[in-house]
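Student: I am new to this structure and would like to walk through it with you. Could you show it to me so that we can begin?

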Amino acid sequence: MVLEKPGAALVLTDRARPEPGPDDVLIAVEACGLCRTDIHLQDGDIEGCAYPIVPGHQIVGRVVEAPSGSGLLPRDRVGVPWLGWTCGGCAFCERDEENLCGEARFTGCHRDGGFAEYAAADQRYCFPLGDHLDAVHAAPLLCAGLIGYRSLRLAGDVERLGIYGFGAAGSLLAPVAVHLGIEVHGFTRPGDRRGQRFALERGCVWAGGSDERPPAELDAAIIFAPIGALVPAALKGVRRGGRVVCGGIHMSDIPTFPYADLWGERQIRSVANLTRRDGREFLALAAEAGLEPEVTVYPLADANRAFDGLRQGAFDGAAVIVP
Ligand SMILES: [Zn+2]
Ligand SMILES: [Zn+2]
């Protein structure tokens, strides 16, 4: 499924199998998760995307061909995340911040991704995946799960956490945080009773609208909904010294707010991409916690329906596309 240019629908296209480069593994795709970033790619919100592009950066598949010395064998299951390549030599790469590398290349943005039958990916950035989850349930871990985990890591020392938005990332992070002994409070659109019920099912001790205050002060809040107005709203519920972490790649403008709401050493920070270390840590934690995403499955030819469904909030949890 090819996205020819911003604003277009995806088009089902016949293409030759991708030719793997010297460091690449060729993968037969089993499933690929849909992420809000894919919506932003379709809307032209992300600079530098190499249209026409096959989107999709939560790829689970089986190795068809691997470079010698990679340790990968045909039929091995691998996962391909958003971070597809980094330079390895810049100041960011050298201090374990490869997520900030200025030369980084992203799956389904700079090189073709997983809304296809086959994909090629640099094997050094792939994660070996076991068979304890099926492909459809493993796919959302690779971005939604990982970004949630990195957001939690950047939230600092947290005992009481707020999560804004219960799409794929929020619904995966809540049970992981609960597993780590954190008390989780969920925020949805005001009046979204179905969303609030879902947040409680995913382990929250309290769920309410984003216009409500939590029953107790939070150590940190993580915002997954792409709505800038949630930043000052979340700040009001966070304790002195606490953090508001913005987990999305794109957000509408943040409205002005009184300095008093930031006072008391409160912090606001964004989360950009992921490192391979995040991936290894999170996938181990997900297995330990028995994390199983709630998924809605769409066939590859129906990818546009999945995109529309995500835009409209038509399903709980994550959408996954299968060829
Ligand atoms: Zn993503
Ligand atoms: Zn670099």
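Student: Which residue of β13 is the bridge partner of Gly162?

Tutor: Happy to help! This is a predicted model, in which local features need pLDDT of at least 70, side-chain atom pairs count only at pLDDT 80 or more, and totals for chains, interfaces and linings use all residues. Residues are numbered from 1 along each chain as its sequence is written, with chains lettered from A and ligands numbered from 1 in the order written. Strands β10 (160–164) and β13 (218–223) pair in the parallel sense over four bridges, where pairing takes at least two DSSP bridges and a strand is a DSSP run (E, at least two residues; helices are H or I, at least four), numbered from the N terminus. The partner of Gly162 in β13 is Ala221.

Student: Which strands stand at the edges of the sheet?

Tutor: The open sheet has six strands with parallel pairing, ordered β12-β11-β10-β13-β14-β15. An edge strand has a single partner strand, so one side of it is left without a neighbour in the sheet. The edges are β12 (206–209) and β15 (267–270).

Student: Which helix gives the most to the side of domain 1 that touches domain 2?

Tutor: The domain assignment, automatic or from a database, gives domain 1 (24–143 + 274–322) and domain 2 (145–270). In contact (C-beta atoms, placed from the backbone, within 7 Å) are 24 residues of domain 1 and 17 of domain 2. On the domain 1 side, α1 (36–42) and α8 (276–289) each supply at least two residues. The most, six residues, comes from α8.

Definitions and conventions
Contact = placed C-beta atoms within 7 Å.
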